[in-house]
Amino acid sequence: MSSPASPSSSRAAFPGQGRVAVVTGASSGIGAATAERLAEEGFDVVLAARRLDRLTALAERVGGRAVQLDVTDATAVDAFAAGLDRVDVLVNNAGGAFDAAPVAEADLDSWQRAFEVNVLGSVAMTRALLPALRTSGAGDLVFVGSTAGLTSYEGGASYTAAKHGVHTLAETLRLELVYDPVRVVEIAPGMVKTEEFTLNRTRSQERTDAVYRGVREPLVAEDVADCIAWAVTRPHHVNVDLLVVRPRAQAAQHKVARDD
């Protein structure tokens, strides 16, 4: 005798309408693209970042709400959470890389900044908004990690160490929240060409251009936003634990096809 078919509702995409999504680091890059894409999916989007001018312009365009926020300020994060009536999705996107130095020449300020924004900022946001995610009955906790959180490479230790921290944070939360109605999703992009990420790291437009030179179609922010939107609109019993996404030209961290 064949097994009964699952109800059609369990196979349907999980709609964004009526759900509230918080996106950190939403003033540019992947965060901005994610806020725009989730708004298109019908989510009520709360955009959080430090640069209020850019944030406000984007929020007005997508019909979202802009809130100035530094995720490394725990007091500000708690106040931000207290001002929200409902949260169904938290996209912990705020992060970045701030140097490309070998460990022997480590700039400890860059290391501290990388850890504070990538790891501690995500912890602060998660701690503050987890009660609301539980209350929603179908919460989504998304971490924008990196392939740097899975594979180390020379000259990237401050960033790879921080993103390894994000990766293990997601893994730990998935264990801790297994009895709660909250999915924990990690999206780990490889090479993504955005306006600021590599420039913040190299502090040189010439070196930034060299990173992408000859690479046919590196990922762009909208590609990653598409993955995030897909993950949070799956039926809620489906958990995308870890989604690694690279451009086709990047076979691995050190293997990138470049046109001559």
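Contact here means heavy atoms within 4.5 Å. The model is predicted, with local features needing pLDDT of at least 70 and side-chain atom pairs counting only at pLDDT 80 or more, while totals for chains, interfaces and linings use all residues. Residues are numbered from 1 along each chain as its sequence is written, and side-chain values use heavy atoms, with hydrogens and water left out. Helices (H or I, at least four residues) and strands (E, at least two) are DSSP runs, numbered from the N terminus. An open sheet of seven parallel-paired strands is the subject of most of what follows.

**Confidence**

- The average pLDDT, the predictor's confidence in each residue from 0 to 100, is 91 for the protein, and 91% of the residues score at least 70.
- Residues 1–10 stay under a pLDDT of 50, and the model has three contacts for them beyond four places in sequence.
- Where pLDDT is low, the predicted coordinates should not be read in detail.

**The sheet**

- The strand order is E3-E2-E1-E4-E5-E6-E7, with parallel pairing; two strands pair if DSSP finds at least two bridges between them.
- Strand E3 (65–68) and strand E7 (242–245) are at the edges with a single partner strand each, so one side of each has no neighbour in the sheet.
- From one strand to the next, the twist averages 15 degrees; axes are lines fitted to C-alpha atoms, for helices over the stretch in contact, and angles run from 0 to 180 degrees between N-to-C directions.

**Strand E1 and its partners**

- Five of the five residues of E1 are buried, so this strand is largely enclosed by the rest of the structure; buried means under 20% relative accessible area, exposed over 50%, and partly exposed in between (1.4 Å probe, protein chains only).
- Val20, Val22 and Thr24 are buried on one side of E1, and Ala21 and Val23 are buried on the other.
- E1 pairs with E2 in the parallel sense over five bridges, and Val23 stands opposite Leu47 in E2.
- The path from E1 through H2 to E2 is a right-handed β-α-β crossover; right-handed means that, with the strands pointing away from the viewer, the path from the first strand over the helix to the second runs clockwise.
- E1 also pairs with E4 in the parallel sense, over three bridges, with Ala21 opposite Val89 in E4.

**Strand E5 and its partners**

- Six of the six residues of E5 are buried, so E5 is largely enclosed by the rest of the structure.
- On one side of E5 the buried residues are Gly139, Leu141 and Phe143, and on the other they are Asp140, Val142 and Val144.
- Strand E4 (residues 89–92) pairs in the parallel sense with E5 (residues 139–144) over four bridges.
- Val91 has Val142 in E5 as its bridge partner, and Asn92 stands opposite Phe143.
- E5 and E6 pair over six bridges, again in the parallel sense, and Asp140 has Arg183 in E6 as its bridge partner.
- Two right-handed β-α-β units involve E5: one is made by E4, helix H5 (residues 108–136) and E5, and another by E5, H6 and E6.
- Helix H6 (residues 157–176) lies across E5, strand E6 (182–189) and E7, at about 155 degrees to E6.

**Helix H2**

- The twelve residues of H2 should span 16 Å at 1.5 Å a residue, and the end C-alpha atoms are 17 Å apart, which agrees; the expected span is 1.5 Å times one less than the number of residues.
- Buried residues of H2 are Ile30, Gly31, Ala32, Ala33, Thr34, Ala35 and Leu38.
- The cover over these residues includes E1, E2, helix H3 (52–62), E4 and helix H9 (221–232).
- Gly42 follows H2 and has a positive phi, near 100 degrees.

**Helix H9 and the loop before it**

- Glu217 lies in the loop between helix H8 (205–212) and H9; its phi is positive, near 55 degrees, although the residue is not glycine.
- Glu217 is exposed, at a relative accessible area of 66%.
- Buried residues of H9 are Ala221, Val224, Ala225, Cys227, Ile228, Ala229, Ala231 and Val232, and their cover includes H2, E4, E5, E6 and E7.
- Ala229 lies in H9 and counts as buried at 1% relative accessibility.
- Beyond its neighbours within four places in sequence, Ala229 is in contact with Arg37, Leu38 and Glu41.
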